[in-house]
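Let us take a walk through this structure together, strand by strand and then out to the packing around them. Keep the 3D view open as you read.

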Amino acid sequence: MRNKKSLFWLLAMLLGLSLFVAACGGEESSGTDDEQEDTTDTEDSDETSSEGGTMVFAVDSEPEGLFNWAFYGIVTDADIISLFDEGLIEYDENLKPQPNLATWETEDNKTFTFKFEEGVKWHNGDELTVHDWVFALETIAHPDYDGPRYENVKTIEGAEAYRNGEADSISGIEVIDDYTIKITFDKARVNNLTNLWAYPMNRTAFEGIEVADMSGSDPVRKNPVGLGPYKVENIVPGESVELVPFEDYWNGEPKMDKIIVKVVDRSSVLGALEKGEIDFITVHPSMGQQVEELDTADLVTYPGLSYYYVGFKLGKFDNESLEIVEKYDKYADKRLRQAMYYAINREEWIDAFFSGFGKPVNRPVPTAHWIAADDSELNTYPYDPEKAKELLDEAGYKDVNDDGWREDPDGNEFVVKFSHYDVGDPQYESRAKALTQYWNDVGLQTELEMVEVNLYYDMLENDNPEIEVFYGGWGTGTDPDPSATWKSNALWNYTRYDNPESDQLLDDALDMDVVGTSDEKRKEIYVEWQKLVNEEVPMLYITELEETVAVSKRLKGMEFDVSGWNSPVHWYIEE
């Protein structure tokens, strides 16, 4: 059996608040996979593999310290968890689920029977059984659970009743024996498996801890217990995590003496790489060319699973009723939105602020995903300021008082209010100003407001009227379903785009009566949906970036593809 960390955390990120990290944390990501498409100089060479050595795994932002899959909220914590824990399911280079700690079978996509690998040990010596998974599922479905993963459990039959206190257990969970379990969902869906939470929790570690107290408890903060090739030995909150080999790991022998995770300020990354002080770090694309010039490290790029956009607030959402209750007129004319799209020189902007490690994207699906529509089927909105001006004229946005700025169709002052999150990096404001300049150049007066990042997303989620046009980013999971960020009843549909045709296409792509189990039929529907939102442009799809990481010359065995990096059990140091 192949050993790789599952990509499932990416899906969890999409369905939880941590999803916002893709937009506000410096465009970083993680993930692992053994069957690689794009290998690099870090793979095994002809030289003899060395045993031992210490790897320094650097991160450029402080961990939040929630070191459990059920509770983590930021990418930095997820990266660290991936070094010492793994799940039941893994994903191949085509983002298809594969067995890891469990196999499964189903006849109807409603009831699944899972068979666990026997003899797998937790870091505290306990044997993994299905009861650890039941414990995790019931924890997440518990009314006192304060993490963001309930979306991955709620479709199990009886989960809602359990969460509401109407049942003592989840009826859709049936334990057959210590290694066999049946999971029944409330209905058959194409994506039931990929949406299902697939990370067990060690019951002994959490014994006596109430669910409401788990996120702040020692098994999450100080002494996490996992199933991976390395185990946590010491944590210095906000600074470092030390890991050592787990001798009873079920799927191979770890090759290094220690992994040290430490925080390195972004301004110090290049110097630390040059001096050989760190072996791995995810770097911002703007640093890519500088890393390439180093003699001590390689820059590795691989396809990403996120996209970045400019969105328009088209309405107001009621968080209680989960519906759009008001529609806004200011940006309702799609000709205005399309004009603002044509006005942006995306190639120039990407080269300037991401050193060319990206490309324009014309849909809300990264090219690396299997449902991505081909650009030949889409309007690619090339840089064309004259086309932008024509559309604005056609829509009635004209300069009627000769002040150099276009008024709205009623002759009133029209100002584009553009907001961008502020993380303290001056480059973010520079790239935001560049976007405003493109719109100014076609006569649209634009004002920029930089908003502290945490406040920014609170304002965005609550439809604060101060935010009208905004910059953001989404990461996609292993399952391509974009409903969580696009359906009209979805909280994270930040544009408040409301189109029944869009909703129906997204529903059809999951409907067993429409697509059966055919990926081809699903893709056909998703392509039609992408063509629709490419024409409607409730957001301007700006770029998809390559993932960029720096790997020291002495670190070997690390490989990458669209799902990220392979399991650390294969990494080794070659002095």
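A good place to begin is the pair β5 and β7, which run antiparallel and are joined by five bridges. This is a predicted model, and what follows describes that model. To find the register of the pair, look for T111, which stands opposite T184 in β7. On β7 there is a further pairing to follow: strand β6 (residues 173-177) also runs antiparallel to β7, joined to it by four bridges. Here V175 faces I181 in β7. Two residues separate β6 from β7, and the two strands form a hairpin. How many of the five residues of β7 are buried? Four of them are, and strand β7 (residues 180-184) is mostly covered.

Just before β5 comes a loop worth a pause. N109 is found between β4 (102-106) and β5 (111-116), and its phi is near 60°, a positive value in a residue other than glycine. Most residues other than glycine have a negative phi. N109 has 15% relative accessibility, so it counts as buried, the cut-off being under 20%. L322 makes a useful companion: it too is not a glycine, and it has a positive phi of about 55°. L322 lies in the loop between β14 (315-318) and β15 (323-327). With a relative accessible area of 42%, L322 is partly exposed.

Now let us turn to the nonpolar packing. The largest nonpolar core has 80 residues, and F57, I156 and F280 touch the most other members. Helix α4 (residues 130-141) gives the most to this core, contributing eight residues. Where does the core sit with respect to domain 1 and domain 2? Domain 1 (50-85 + 228-279 + 554-574) and domain 2 (86-212) both give residues to it, so the core lies between them. I156 also leads back to the strands we started from: beyond residues up to four places away in sequence, its contacts include I173, I183 and T184, along with L137, I170 and L196. Apart from this core lies another, of 73 residues, with A432, Y456, Y471 and I542 among them.

For a polar detail, go to N68, in the loop between β1 (54-59) and α3 (75-84). N68 has 10% relative accessibility and therefore counts as buried. Its side chain reaches the backbone nitrogen of A70 at 2.9 Å. Leaving aside residues up to four places away in sequence, N68 touches I81, M201, F206 and V220.

Our last stop is an open sheet of six strands, with mixed pairing and the order β16-β20-β13-β19-β17-β18. Which strands stand at the edges? They are β16 (358-360) and β18 (445-452); each has a single partner strand, so one side of each is left without a neighbour in the sheet. From one strand to the next, the twist averages 30°. Within the sheet, strand β13 (residues 306-312) and strand β19 (residues 469-475) pair in the antiparallel sense over seven bridges, and F312 stands opposite V469 in β19. Helix α13 (residues 426-441) packs on this sheet, touching β13, β17 (415-422), β18, β19 and β20 (539-545). The direction of α13 makes about 160° with that of β18. Helix α14 (residues 453-461) lies across β17, β18 and β19, and runs at about 115° to β18.

Notes:
Residues numbered from 1 in each chain as written. Predicted model: local features only at pLDDT ≥ 70, side-chain atom pairs only at ≥ 80, totals over all residues. Heavy atoms only, no water. Buried < 20%, exposed > 50% of the residue type's maximum accessible area, 1.4 Å probe, protein only. Polar contact = N/O pair within 3.5 Å; in protein donor to acceptor, adjacent residues only side chain to side chain. Contact = heavy atoms within 4.5 Å. Core = buried A, V, L, I, M, F, W, Y, C linked by side-chain atoms within 4.5 Å. Domains from an automatic or database assignment. Pairing = 2+ DSSP bridges. Axes fitted to C-alpha atoms, helices over the stretch in contact; angles between N-to-C directions.
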